[in-house]
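Let's take a walk through this model together, with an eye on its aromatic rings. Have the structure open and follow along.

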Amino acid sequence: MIRRPPRSTPKPSSAASDVYKRQNGGLMNNLIFQPVIVMCLLSFFMMIWMYATRLPAAKKLEQDGVDVQKFSHPSSIGGIFPSKVERVADNYNHLFEQPTIFYAISFVIWGLEHTDIIHLYCAWLYVIIRIIHSIFQATLNLVWIRFSLFILSWVTLATMIFREAINLV
């Protein structure tokens with residue numbers, strides 16, 4: 001089979017563009033998984049950090065005579081641990097809220113072979129913002145900075161979502 005570069009066409013999802021993507025083995029398309037993996041690593045790191053702070057805090061409570069078994073339900077834990085311990089756990093829980101939409105839209109983009117440079121920039125920007133958000137929440141907990149980072153992460157995520165919605169129309 002003769003491999004030709006794609007013709008110049010006005011629509012990015014043209015047949016020529018599709019042939020070009022297949023010839024390159026979908027390398028560009030698979031790049032969307034890199035920021036997804038980094039988000040997964042962030043979740044893993046935050047879980048380690050959470051247990052590294054929570055287990056010693058629980059041991060200290062037990063030494064002080066507190067029956068930690070009474071706090072086996074998550075809703076009863078609030079206010080029991082020091083703020084610096086709870087902030088890390090709160091951030092870990094937050095990584096299973098908004099980022100799930102990031103995972104979903106990333107897989108949609110990959111599945112439809114719509115990965116392009118804009119989606120990649122948005123995905124990496126989203127991950128970087130979430131990393132910074134996690135650091136701020138788990139350490140300084142400056143609410144206005146966290147809120148600003150949260151809104152910025154939504155803007156990048158919304159850009160990915162709306163670009164895909166437009167592509168489907």
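**Aromatic pairs along the helices**

Seven aromatic pairs are found in this structure, which is a predicted model. One of them joins Phe45 and Trp49, whose rings are tilted, with 5.9 Å from centre to centre and 55° between the planes. A pair of aromatic rings is described by exactly these two quantities, the distance of the centres and the angle of the planes. The angle of 55° for Phe45 and Trp49 falls short of the over 60 degrees that would count as edge-to-face, so the pair is called tilted.

Where do Phe45 and Trp49 lie? Both belong to helix α3, which covers residues 33–63, and they sit four residues apart, about one turn of the helix. As for their surroundings, Phe45 counts as partly exposed because its relative accessibility is 48%. Trp49 is also partly exposed, given its relative accessibility of 25%.

Now move along to Trp144 and Phe147, an edge-to-face pair with 5.9 Å between the centres and 90° between the planes. These two residues are in helix α7 (residues 143–168), and because they are three residues apart there, about one helical turn separates them. Is Trp144 buried or exposed? With 68% relative accessibility, Trp144 counts as exposed. Its partner Phe147 has 44% relative accessibility and so counts as partly exposed.

To finish the walk, look for Phe33, Phe107 and Trp110: these three residues form one aromatic cluster.

Conventions. Residues numbered from 1 in each chain as written. Predicted model: local features only at pLDDT ≥ 70, side-chain atom pairs only at ≥ 80, totals over all residues. Heavy atoms only, no water. Phe/Tyr/Trp six-rings, centres within 6.5 Å; stacked < 30°, edge-to-face > 60°. Buried < 20%, exposed > 50% of the residue type's maximum accessible area, 1.4 Å probe, protein only.
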